[in-house]
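Hi,

Here is the structure I promised to pass on. Have a look at it first, and then read on for my notes.

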Amino acid sequence: MTSPGSKKLVTSDGSEKEVSGNLGKVSFSGDLNDSGSSSRSSSGGGGEGGTFEYFGWVYHLGVNKIGHEYCNLRFLFIRGKYVEMYKRDPRENPDIKPIRRGVIGPTMMIEELGRRKVNRGDVYVIRFYNRLDESRKGEIACATAGEAVKWVEAFEEAKQQAEYALSRGGSTRTKLSMEANIDLEGHRPRVRRYAYGLKKLIRIGQGPETLLRQSSTLVNDVRGDGFYEGGDNGDAIEAHEWKCVRTINGVRIFEDVANFKAGRGVLVKAVAVVEASADTVFEVLLSIDKHQRYEWDAVTGDSEKIDSYEGHYDVIYCVYDPKYLSRIFCRWQSKRDFVFSRQWVRGQDGTYTILQFPAVHKKRPPKSGYRRTEITPSTWEIRSLKKRSDAETPSCLVTHMLEIHSKRWCKWKRTSYSKFEKTIPYALLLQVAGLKEYIGANPAFKYETFATVVQSKFPDVPNGEYVDEEMEEQFYDATDSSSDEEDEEESDEDDEDQDNKEIKVKLKNVSWAIASLSLKRPKAPGASNVLDASVDPVSIDPSKFQGSLRKGNGDKDSNCWDSPSGMGFMIRGKTYLKDNAKVMGGEPLLTLVSVDWFKVDKAVDNIALHPKCLVQSEPGKKLPFILVINLQVPAKPNYCLVLYYAANRPVSKSSSLGKFVDGSDSYRDARFKLIPSIVQGYWMVKRAVGTKACLLGKAVTCKYLRQDNFLEIDVDIGSSAVARSVIGLVLGYVTSLIVDLAILIEGKEETDLPEYILGTVRLNRIELDSAVSFEE
């Protein structure tokens, strides 16, 4: 019998393997910092050797020489910047040779492609490619979204190791070899160990026993948030006033009183704490296995996936019997069916958001004998809760939100029974209760793991390094090689000890009322020494800088921009590294002087070099410093939203902004942060965008151009399937949205705190047709 939460995957040879949602491993020897990444040790190796190792089981996807696709179970090992792929676990088989190996160079890009059906199972795919030559690429896959995120973080850490090694210097031959693309067929280079001082290995997943057997040994989950921002309520203040109106089976049902007072439809949500990890609950929600959904879902039990797009979007067809939900049922009444789409996003703090919309699809037109209905739009949010002790079971907060237009809602609040309890919206709310009870009745769900700390079984090599005289190929060469056509599976049991580190989070609560008071806008905290005070400030006259998008005259104006205060955003305070406390943002450091809204055939980089750009104008050349943010929006046609921020003094070289402006691309990627906030607009769009800060360099591809008195950042939103999906939803409602954005540099060290907001922008109901064509 298959264990709860598991699924089947058919490999290249046609055999079925059980996927329990646990694959792969990771390891560190340094402590975790506030972002969830490993701190690099400086002892023994100049800050590089012995910091971490990542290892575990993944699926290797590819196409062989005769054009057949394969999906092979492989053991992956990351040692510093080196990667090796094995058919068996090398810890249990010390004489085994790697079948693939390579290095992770600075030009290597890692992208999550989302969910994909491989043979008869769903997996989460990670793609590797060289940004200089995208023909060099490869793919691996994991059983769950949580594991895929852990592996992406592992590769990003290895990439930082490669960049660190490159920055330390070395011979020209060594630097050039970092970019070498050498075919790996027919040889297995000799490798010596370089990793000394390893103290811990953190395993992602459980290993092949969860794939090859009908049962698995489950252990406790470990918190592994990547780039955790702290705080549970987001980094932008929202105007919601939730009031609990009913508690049913341990599930609280809330009503948004502020939304109701505004005269709109009733926005309600069901909230419950589920004793399982967020990754586990997400997998249960996405599964359309009939027998599993029959146990908790009264609405979408009979489901069929009819289409999927880009790994983060699918279309589901459902059939249900109306006798359980209709107010009046006759035996001759026809059955009901409906079609809806699901779109999901995993935030950098590990929170999942699932959007559900009614849909139509040509594969499932209305059919005889069924009455086609329209499901109520709704959202799911799954957020991990911090464990108070190592022995505590992982848990998460599950929220299901929808908008109700029925007048029966008010009557249902006042009485113990009403016709509302026989409606689909009510059944959707109670899905939370069903999900909670179903997981509670299956203890195996409570102990699924995606990262486990284990003791290293490799002997320490005190003063040595892994020196690989031939292993200088990029890792995408390793995964793209076609000699991996044969599949060999062997099971190895690996019961290891667990160790986790609890990270305390504290958020200073700020009510919406305080944020909306007419207070004096304070200066940006922590920004006093960012600009060079020894230089006299220049006068910035915004009237000299005219962009293609005009500045507005208040929130009632449309198709325009403004620069709001930073008081609507929460940023890291002075003591954040100690207590994770956040404070209200202040006045932006830089002045937004102009905004351009361009229509382009394809994404355009280096806009600041265009002769007609603001930066190249005479007033622009006189400014001490200009920060240009080029947000490249994928659509048909494509768009570029270009923001120009000016400083009245030169940037101090020793400040966090100075280090960012003149730092390396990897340094910038790790710190360039954006906080979004939908001030006004459709509530589903608000849930999709969220209010959590995002490290843009980690989420999408960012390119940097530093010249003269400016820094341009080209943000390719289309480089991420998740970002493309969200921006597609936003563009559908953009003419009714008021969007606030805050740009800042993340403070990772005490000297960089408190954070300060570099700049803000408010976009009021932008019209796509108003974009002007960009002249090449």
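To get you oriented, here's a small puzzle: in the loop between which two strands is the place of Pro637? Pro637 sits in the loop between S26 and S27. Keep in mind that this is a predicted model.

That loop is a good way into the sheet around it. Lys636 and Pro637 are joined by a cis peptide bond, with omega about 0 degrees. On either side of the loop, S26 (residues 625–633) and S27 (residues 638–647) pair in the antiparallel sense over 9 bridges. If you want one pair to click on, Leu627 has Tyr645 in S27 as its bridge partner.

Both strands belong to an open sheet of 6 strands, in the order S30-S31-S26-S27-S25-S34, with mixed pairing. S30 (701–707) and S34 (772–773) are the edge strands; each has a single partner strand, so one side of each has no neighbour in the sheet.

Also in this part, Asp708 lies in the loop between S30 and S31 (710–716). Its phi is near 45 degrees, which is a positive value in a residue other than glycine. Asp708 is exposed, with a relative accessible area of 66%.

Now for another sheet. This one is open too, with 5 strands in the order S22-S33-S32-S28-S29 and antiparallel pairing. Its edges are S22 (560–562) and S29, each with a single partner strand, so one side of each is left without a neighbour there.

S28 (residues 672–680) is mostly covered, with 7 of its 9 residues buried. It is joined to S32 (residues 738–745) by 8 bridges, and Ile675 stands opposite Ala742 in S32. With S29 (residues 694–695), S28 shares 2 bridges; there Lys673 stands opposite Leu695.

S32 is also joined to S33 (residues 757–764), by 7 bridges and running antiparallel. Ile743 has Gly759 in S33 as its bridge partner. The loop between S32 and S33 holds Pro754, and a cis peptide bond joins Leu753 to Pro754, again with omega about 0 degrees.

Next, take a look at Asn559, in the loop between helix H11 (512–515) and S22. Its phi is positive, near 50 degrees, and it isn't a glycine. Asn559 is buried, with a relative accessible area of 15%.

Finally, a helix: 9 of the 9 residues of H5 (residues 278–286) are buried, so H5 is largely enclosed by the rest of the structure. Among them are Asp279, Phe282 and Glu283.

Cheers

Notes. Residues are numbered from 1 along each chain as its sequence is written. This is a predicted model: local features need pLDDT of at least 70, side-chain atom pairs count only at pLDDT 80 or more; totals for chains, interfaces and linings use all residues. Side-chain values use heavy atoms; hydrogens and water are left out. Two strands pair if DSSP finds at least two bridges between them. Helices (H or I, at least four residues) and strands (E, at least two) are DSSP runs, numbered from the N terminus. Buried means under 20% relative accessible area, exposed over 50%, partly exposed in between (1.4 Å probe, protein chains only).
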